[in-house]
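Visitor: Could you take me closely through one part of this model, the nonpolar core and the aromatic rings that belong with that topic? I would like a connected account rather than a list.

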Amino acid sequence: MEKFLLSLLCLLTVGFAGQAETITFGNGLPSDWTKTGNTANQTRVSKKCLQLQKGASISTPQLANVTEISVELNISSNATTLTIAQSLDGTNWNTLKTINKSDCSTSEWKSFTVTPEGDTSNGIFFKLTSAAASYYISEFTYTTSTVSFPTDCAVPVFTIDGVEAAGENLTAYAGSKIAVSCATKDSKTVWSVAKGNDEIGT
């Protein structure tokens, strides 16, 4: 029973925390982003935004430990599709989501959330491409994740996809298998918790 109670205590105090950062396009494309094709600064439905014209793409700088992104979009009446793609090396792109004209609106802003694939701890790029004029983007938000360990535990040990590391904090990423084990000051392991496809258990 004591072991179960200690396990529950640690499980309640450990946390996978997310930190979100929002990029706005009121002053155009940020200097560390790149683009191909034609874009323009616009005001659309009471918001300053960036217009992606036919065939235009915008790409983020390299980001790390991203668990999800969201974009706020509006369209013109001639819009068709917008694709959101990811790349782990900045060269090879994989489409994560295709947003259709019917998903959007000309009279209001709509938000779309996408989860990246694979290990993003070493960096990831995102690219948005408009097939036809026009899609408008006002905000791009990306969330990164870290996991914190309770200070009550003397010897926290982390295992990420089979690789072990010790410490009180580490960086997590979407899709990874993370196991955390905790030992008391008398070196008795009291619990472990796993994320991903692993099971929680003591």
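Guide: What follows is a walk through the core, then the ring pairs, and lastly the cysteines and one glycine. Please keep in mind throughout that this is a predicted model.

The largest nonpolar core has 28 residues, and among these Leu128, Ile137 and Phe140 touch the most other members. Seen by strand, at least two core residues each are supplied by S4 (47–52), S6 (66–75), S7 (81–87), S8 (94–100), S9 (110–114), S10 (125–130) and S11 (135–148), and the largest share, 5 residues, comes from S6. As general background, nonpolar side chains in soluble globular proteins tend to be buried together.

Leu128 gives a view of these surroundings from one position: setting aside residues up to four places away in sequence, Leu128 touches Leu52, Ala56, Ser57, Ile58, Val71, Leu82, Thr83, Ile84, Ile137 and Phe140. Two residues in that list, Ile137 and Phe140, were also named with Leu128 as touching the most other members of the core.

Phe140 leads on to the aromatic rings, for which the count comes to 4 pairs. One of them joins Phe126 and Phe140 in a tilted arrangement, with 6.3 Å from centre to centre and 55° between the planes; this pair links distant parts of the chain, since Phe126 lies in strand S10 and Phe140 in strand S11, 14 residues apart. Phe126 counts as buried because its relative accessibility is 0%, under the 20% cut-off, and Phe140, also at 0% relative accessibility, counts as buried by that cut-off. Phe140 forms a further tilted pair with Tyr142, at 6.5 Å centre to centre and 45° between the planes, and both Phe140 and Tyr142 are buried. Taken together, ring pairs link Phe25, Trp33, Phe126, Phe140 and Tyr142 into a cluster.

Turning to the cysteines, the count of disulfides comes to 0. Cys49 counts as buried because its relative accessibility is 1%, and Cys104 likewise counts as buried, at 9% relative accessibility.

Finally, a glycine in a loop deserves a look: Gly28 sits between strand S1 (15–24) and strand S2 (34–36), and Gly28 is buried, with a relative accessible area of 8%. Leaving aside neighbours within four places in sequence, Gly28 is in contact with Asn41 and Leu50, while Gly28 and Lys48, 20 residues apart in sequence, are 8.8 Å apart from C-alpha to C-alpha.

Notes: Residues are numbered from 1 along each chain as its sequence is written. This is a predicted model: local features need pLDDT of at least 70, side-chain atom pairs count only at pLDDT 80 or more; totals for chains, interfaces and linings use all residues. Side-chain values use heavy atoms; hydrogens and water are left out. A nonpolar core is a set of buried Ala, Val, Leu, Ile, Met, Phe, Trp, Tyr and Cys residues joined through side-chain atoms within 4.5 Å. Buried means under 20% relative accessible area, exposed over 50%, partly exposed in between (1.4 Å probe, protein chains only). Helices (H or I, at least four residues) and strands (E, at least two) are DSSP runs, numbered from the N terminus. Contact means heavy atoms within 4.5 Å. A disulfide is a pair of cysteine sulfur atoms within 2.5 Å. Rings of Phe, Tyr and Trp (its six-membered ring) pair if their centres lie within 6.5 Å; planes under 30 degrees apart count as stacked, over 60 as edge-to-face and the rest as tilted.
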